[in-house]
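Trainee: I would like a careful, close look at one part of this model, with its surroundings described along the way. Please define each term as it comes up.

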Amino acid sequence: MQRIPRQQRAKSTVEAILDAGYISLGRHGLAGTTTTHIADIAGVSVGSLYEYFKNKEAIYEAMRDRFVRDLIGVLQPLTPRIVRLPLTQAIPTILYDVQALLLRDDQRYLKYAREVFNADVRFDLTDVSRSLGDIIVQFLLHNPQYAGMQRFAAMSYIFVNAGMFTVIRHMSDPNQPITYDELVDGLAHMVSHYVRMERQLARRQGGASGVTDTKSE
């Protein structure tokens, strides 16, 4: 940012510019949006806009940061609830809360994601992936029956990143081949199937070594 907003009025101006950025993307697209469009929607002069952002790409970066922040803000409070749910309920809970975020405020985040994906722009969701990884760790701590599975770290990484990409890609597609409910059910089934197979393998190996897993699925 060109200038760091410190007073409440300046912070409100920056927030108005970001709000306008999402609205403009919905109207004009990523390439068609200009700083003039954004300034007009925000109700500020182009000069005021440039006090805080050197160009529209800087606005887009701040918009991405806000999207990531709000997405993490949805995920983190879910942790105490998720760790006490069965796996088949935990995954849909996360996915439906993410969907709610993407649809709120006239679908501003969904429209933003759609434009970014269609333009094939780099979309860094590392912090979101890390937040989901933290939820997995907490889930394991509260459900030790799932610990000790082979390749769990690698598979968790794959499921988190592939699942996150799939959800945003699906919701950004105006011609979705399946419903969101079907997507949620498929992702939950995929993860549950992996966990079930891994636990069965662990029990067979434990039985061969004289160790029996007495915990239920």
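Trainee: In which helix is the place of S192, and how does the part around it connect to the other helices?

Mentor: S192 has its place in helix α9, which covers residues 180-208, where helices are DSSP runs of H or I with at least four residues, strands are runs of E with at least two, and both are numbered from the N terminus. The model is a predicted one, in which local features need pLDDT of at least 70 and side-chain atom pairs count only at pLDDT 80 or more, whereas totals for chains, interfaces and linings use all residues. Residues are numbered from 1 along each chain as its sequence is written, and side-chain values use heavy atoms, with hydrogens and water left out.

S192 is buried, at a relative accessible area of 11% (buried means under 20%, exposed over 50% and partly exposed in between, with a 1.4 Å probe and protein chains only). Leaving aside residues up to four places away in sequence, S192 touches L87 and T88, a contact being heavy atoms within 4.5 Å. Its C-alpha atom is separated by 24 Å from that of T126, and these two residues are 66 apart along the chain.

The stretch 87-118 is helix α6, and a straight helix of its 32 residues would span 46 Å at 1.5 Å a residue, but α6 spans only 33 Å between its end C-alpha atoms; the expected span is 1.5 Å times one less than the number of residues. A bend of about 125° falls at D106 of α6, given as the angle between axes fitted to the seven residues ending there and the seven starting there. D106 has a positive phi, near 60°, in a residue other than glycine, and D106 is exposed at 63% relative accessibility. D105, also placed in α6, has a positive phi of about 55° although it is not a glycine, and at 45% relative accessibility D105 is partly exposed.

From α6 we can turn to α4 (56-75), which packs against α6 at an angle of about 150°, with the axes 10 Å apart; axes are lines fitted to C-alpha atoms, for helices over the stretch in contact, and angles run from 0 to 180 degrees between N-to-C directions. That makes α4 roughly antiparallel to α6 (under 35 degrees is roughly parallel, over 145 roughly antiparallel, 65 to 115 roughly perpendicular, and the rest oblique). The residues that make this contact include Y60, M63, R64 and F67 of α4 and I94, V98, L101 and R108 of α6. The crossing in which α4 passes α6 is right-handed, meaning that the near helix is turned clockwise from the far one by less than a right angle, with anticlockwise giving left-handed. E61 is another residue found in α4, and E61 is partly exposed, with a relative accessible area of 45%.

The axes of α4 and α7 come within 9 Å and cross at roughly 10°, which makes α4 roughly parallel to α7. V68, L71, I72 and L75 of α4 make this contact with D127, V128, S131, L132 and I135 of α7. S131, which lies in α7 (residues 126-142), is buried at 7% relative accessible area, and beyond residues up to four places away in sequence S131 touches I72, L75 and Q76.

Helix α7 has 17 residues and reaches 25 Å from its first C-alpha to its last, close to the 24 Å expected at 1.5 Å a residue. Its buried residues include V128, S129, L132, F139 and L140, and what covers the buried residues of α7 includes α4, α5 (79-82), α6 and α8 (152-172). α8 packs against α7 at about 135°, with axes 10 Å apart, and the two helices are therefore oblique to each other. Their crossing is right-handed, and the contact is made by V128, S129, L132, I136 and L140 of α7 together with F152, S156, V160, N161 and M164 of α8.
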